[in-house]
Amino acid sequence: MTLARLLERLEATDVAALDAGGVSARMRDVARLKGCIAGIEAELARRANQLSDAGAGLPADELLGRSQQMSRREAQRASRRADTLGNVPALSRQLGAGRIGAEHADALASAAARLDDGDRTLLFALDAELATHAASSTPEQFRRHVDRVVDQLAADRGLERAERQRRSATLAKGINHDTGMYWLRAELDPESGVRVFSALDAELAALVTADRDPEAAPGRRRDQLAAQALVGLVTSAHRSRRPGRTELLMLVDHDTIVNGLHDNSVCEYVDGTELPVATARRLACDADIYPVVLGADGVVLDMGRSRRLATPDQRRALRSMYRSCGVGDCEVPFDRCEIHHLDDWAKHHGHTDLDRLIPACSRHHHLAHEGGWQLELDPATRELTVRLADGTLHSRSRPGLGPAARSSQTPPGRRQPTHPETAPTVGQVA
C-alpha cells in the first residue's frame, strides 16, 4: 500500500467507532506509516551526506537537527541509521515497506559501529537473513539476534573485548542543584553488571515482599523501591538474606567448556549476554554446577540433583529457557516475573511441576487469573498459546536457549541440535 493510501485511510477513520480489531488494524497502519517515513528520511540523509561531501550542503546530522528540531544525539543516531541502511538494501526495503521500525535499523547500526571494517562487511553480507529475521522480531529480539551474530563474527576476539569493557567501566555521581537530589550513573562490564544486578534484584525482591505489609507506605513504585534497595546494599542495611557469594548464573554447554566453541555452542550469562569461553572456565572453577538436560528444541527435560518441588531448582530450569515473561513477545525480564501455575494451585489442585509452570510478568499474571485469559502449554515444545477471555487468539510463542529466545530462526553459522545435549547452569559464583 502506498504512503498516500495509508494516510487517506487513517484520516478517514472514525476512531470512536472502532472495535478492538479495528484499533489493532489502524495501529498496524500507523506502524507501517512510521516505517515508510523512516525509510524516506534515511534516503534523504544519505543524499545530504553525499552533497555535503561534495561541498554543496550541510551534513545529515546537522540538517536533521535544524529541520526537525532533533537533539544532537538523536540527529547523529538518525544519520548513522541512514549510513547503515545504505549497506543493507533488503533491510532498507523492509523499513520502507513499514514491516519493521527505525529501532530495528538502529540495533543493526549500533552493532556495526562496534566492528572493524572487515567484520562490518561480513555483517552487512548477511543482509537478506537479517531482513527476514527483523520482520518477524520485536526490536529487542532483533537486537539480541544481531549481538549474537556480531559475537560470532568476532569470537576469536572475545577476551579482548571483555578486557576492553572492563577498562571502559565508569561511574559518575553528582547533585542536581535544581531538585537537591543526588544522582548516580554507571556503565559496567557484563561480568560486573550481572553480579551487581543479581544482588540488586535479590534486595529488591525482599523489599517488594516487605512492602506488601499493610503498614508499609502505600503506592510506592518499583523504581522507588529499587533506589531503596541500592542504598541498602551500599550501606549494609539490606533486608535480603544473601550468602557470602552473589549468585551469578551463566549457561554453557559441556562441549564448549571442555573443547571450545563449536557450531552449536552456548556460552552466555543468563540474560543472554555472550561471554568468552576462557571467562566461563574461570568462573566455573569456583561455582556450583547444576546440569540441565535439554531436548533438540532447547526445552529443559530434566534437572540433575533437583527435587520435584524444589522451587529454586525449578526457577533455575525456567531461567535457562526464558529470558523474559513467557507470554507472547513480552520483554519484562525473567527476574521481574512471577512463576505462574497453568493449573491453578489453589482452585484446581494444580501440581507445581516444571511442565506446568511459566514465568509471567505482574500484568500478564493478573490477566491470567483475574482477566480470564486462557493459557495452553504444549508439554513437548513448550509452545504457549494465549487466548483472551472471549477466545480471541492473542499470541503463540515458545522459549529457546540463547538470546534469540523467541525466534524460530537459527543464527548464522549455527545448526539446530539434532539430539539431546547437556548444558550446565553455573551459579553462585564468588
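**Group meeting: a walk through the predicted model**

Okay, so the protein has 16 helices and twelve strands. Those are DSSP runs, numbered from the N terminus: H or I over at least four residues for a helix, E over at least two for a strand. Before I go on, this is a predicted model, where local features need pLDDT of at least 70, side-chain atom pairs count only at pLDDT 80 or more, and totals for chains, interfaces and linings use all residues. Residues are numbered from 1 along each chain as its sequence is written, and side-chain values use heavy atoms, with hydrogens and water left out.

Two overall figures to start. Of the 430 residues in the protein, 41% are buried; buried means under 20% relative accessible area, exposed over 50%, and partly exposed in between, with a 1.4 Å probe and protein chains only. Then contacts, meaning heavy atoms within 4.5 Å: among those between residues at least 6 apart in sequence, 57% join residues at least 24 apart.

Now the helices. Two packed helices are described by the angle between their axes and the distance between the axes. The axes here are lines fitted to C-alpha atoms, for helices over the stretch in contact, and angles run from 0 to 180 degrees between N-to-C directions.

Take helix α2, residues 20-53, and helix α3, residues 60-68: they pack at about 125°, with axes 8 Å apart. So α2 and α3 are oblique to each other. For the cut-offs, under 35 degrees counts as roughly parallel, over 145 as roughly antiparallel, 65 to 115 as roughly perpendicular, and the rest as oblique. Who touches whom? From α2 we have Glu41, Ala45, Ala48 and Asn49, and they meet Ala60, Leu63, Leu64 and Gln68 of α3. The residues of that contact split into five nonpolar, two polar and one charged. In that count, Ala, Val, Leu, Ile, Met, Phe, Trp, Tyr, Cys and Pro are nonpolar, Asp, Glu, Lys and Arg are charged, and the others, Gly among them, are polar.

Next pair: helix α6 (residues 102-113) packs on helix α7 (residues 117-124) at about 150°, and their axes are 9 Å apart. That makes α6 roughly antiparallel to α7. Leu108, Ala112 and Ala113 are the α6 residues here, meeting Arg120, Leu123 and Phe124 in α7. That contact divides into five nonpolar, no polar and one charged.

On to strands. Strands of a sheet pair through backbone hydrogen bonds, either parallel or antiparallel. We call two strands paired if DSSP finds at least two bridges between them.

Strand β1 (residues 170-176) and strand β2 (residues 181-187) pair antiparallel over seven bridges. If you want one bridge to look at, glycine 174 has tryptophan 183 in β2 as its partner. The two strands form a hairpin with four residues between them, and glycine 180 in the turn has a positive phi of about 80°.

Further along the chain, what is the strand order in the open sheet of three? The order is β9-β10-β11, with antiparallel pairing. The edge strands, each pairing on one side only, are β9 (374-377) and β11 (393-397). Neighbouring strands in this sheet are turned by 15° against each other on average, direction ignored.

β9 and β10 pair over four bridges, with leucine 375 opposite valine 386 in β10. Their hairpin has six residues between the strands, and arginine 382 there takes a positive phi near 60°. Strand β10, residues 384-387, also pairs with β11 over four bridges; here threonine 385 has arginine 396 in β11 as bridge partner. That hairpin has five residues between its strands, and glycine 391 in the turn has a positive phi of about 95°.

One residue to click on is isoleucine 339, in strand β7 (residues 338-341). Its C-alpha is 5.7 Å from that of isoleucine 358, 19 residues apart along the chain. Leaving aside neighbours within four places in sequence, isoleucine 339 contacts Arg315, Leu318, Phe334, Leu357, Ile358, Pro359 and His365.

Last topic, cysteines. A disulfide is a covalent bond between the sulfur atoms of two cysteines, and the search takes a pair of sulfurs within 2.5 Å. Across the whole structure, zero turn up. For cysteine 330, the closest cysteine sulfur is in cysteine 361, 3.8 Å away, so too far for a bond. Cysteine 330 counts as buried at 15% relative accessibility, and cysteine 361 is buried too, with a relative accessible area of 5%.
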